[in-house]
Amino acid sequence: MAPLVPLPTPFGYSLPERLAIGVSERTSGPTPTLQLFNAWAQPTKGFASIDKDYPEGNPLFRVVVDYLSPSSIEAFELCERRWGWVKLNRQPKQTSEAADEGSAVHRAHDDWLTKGIPYDRTTRIGEIAACTLHLLPDPGSCVVEVEVRFTYAGIVFGGKIDVHWPEPDFVVILDHKTTGDFQWAKTTKEELIGHPQAPIYAAWGMAYYGKSWAHLRWNYALRAKQPKPKPSWHLVHESEVKPAIDAHIPTARRMLQVIEHANSERARGRMFGARDLPANPRACQAYGGCVHRKLCGIDTGDALSSVSL
């Protein structure tokens, strides 16, 4: 693949510089519908930050929303209370050995794509990462790990895209995935854009680069004694992406309403947190089990018996 050529801009910045400082001008060409989204990229904080008026340790801290991420939307849709323990009550995020391993694989990919550091195949992490090597662009030919944002329907969406780069007729959005079983892989286009991550990232890429098409490249690596790759690559048009995002707008609005209400109550000295949100017992065992289940106060036995994930 040819190296990424810096795009001409009236400000004189190269593409990496533009992404670093947040300049939001777009390339020339046809104006797709999604270009109406205001898209930009810049290094900013995550979903929730702490207002300086509320010192660390104060349970009535104000939740400040920078943007809604795909993972937060998916968590909220799975179980509002489970989402609330982290975002409203500041409980530790759920982690696992598999998640930590996935993060290490991501770092190995980043080192290869940004610095050309080869995968260490003498380690388990290196073996897992290297199994998708043939599915990756050349080092230095793409943009790696950038925070992105765009506004739509009055809501700021965003997240961190693993890898992306523009082609003449479309933008490529690449995501590194690890899994213990390929049954969890989203292999069809419908599965991929049915979850918030793919359409949100595709929408940003289309809007930012002025494209009507995005090539989604979800590269799954099987965490096994003999790692195996499974690519899920799909070309999507803006006419498919916009309805996919529209499907999550009610959730996004509900999330913002919950946060606004929580802040309003806390400003009055009243705690509004996870326990004030509805729980979904069917989510108690999802993704290895909810670490906040004991805090919930719901009937764990009933919750476990109702699981059919």
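**View 1. Just past the end of helix α9, we meet Gly269 with a positive phi.** The phi of Gly269, which follows α9, sits near 85 degrees. Bear in mind while looking around that this is a predicted model.

**View 2. Here is helix α9 itself, running from residue 249 to residue 267.** Its 19 residues reach 27 Å from the first C-alpha to the last. That is close to the 27 Å you'd expect at 1.5 Å a residue.

**View 3. Now for the buried residues of α9.** Which residues of α9 are buried? Starting from the front of the helix, they are Ile249, Thr251, Ala252, Met255 and Val258, and then come Ile259, Ala262, Asn263, Glu265 and Arg266. So the list isn't just aliphatic side chains: Asn263, Glu265 and Arg266 are on it too. As a reminder for reading such a list, an α-helix has 3.6 residues a turn, so residues three or four places apart point the same way.

**View 4. This one shows what covers the buried residues of α9.** The cover includes helices α2 (70–78), α3 and α8 (238–246). Strands join in as well, among them β3 (63–65), β4 (143–152) and β5 (155–166).

**View 5. Next up is the one cavity of 30 Å³ or more in the model.** About 80 Å³ of space lies inside this largest cavity. What sits closest to its centre? Of the 14 lining residues, those are Cys79, Arg82, Cys284, Cys290 and Cys296. Two elements, α3 (80–87) and α10 (293–296), each give two or more residues to the lining. Helix α3 provides the largest share, with three residues. By type, the lining splits into nine nonpolar, two polar and three charged residues.

**View 6. Over in helix α4 (residues 97–115), we zoom in on Ala104.** Is Ala104 buried or exposed? Ala104 counts as buried, because its relative accessibility is 18% and the cut-off is under 20%. Ala129 is 25 residues away from Ala104 in sequence, yet their C-alpha atoms are 9.0 Å apart in space.

**View 7. Finally, we step back to the protein chain as a whole.** It has eleven helices and eight strands. Of its 309 residues, 47% count as buried. The accessible surface comes to about 15,100 Å², and carbon and sulfur atoms account for 53% of that. Taking contacts between residues at least 6 apart in sequence, 66% join residues at least 24 apart.

Note on methods:
Residues are numbered from 1 along each chain as its sequence is written. This is a predicted model: local features need pLDDT of at least 70, side-chain atom pairs count only at pLDDT 80 or more; totals for chains, interfaces and linings use all residues. Side-chain values use heavy atoms; hydrogens and water are left out. On a 1 Å grid over the protein atoms alone, a cavity is a set of points where a 1.4 Å probe fits but cannot get out, and a pocket is an open set with protein on both sides within 12 Å along at least five of seven lines; lining residues have an atom within 4 Å of a point. Grid points are joined across faces, edges and corners, and a volume is the space filled by probe spheres set on the points. Helices (H or I, at least four residues) and strands (E, at least two) are DSSP runs, numbered from the N terminus. Buried means under 20% relative accessible area, exposed over 50%, partly exposed in between (1.4 Å probe, protein chains only). Contact means heavy atoms within 4.5 Å. Accessible areas come from the Shrake-Rupley method with a 1.4 Å probe; for residues, only the protein chains shown count as cover. The expected span of a helix is 1.5 Å times one less than its number of residues.
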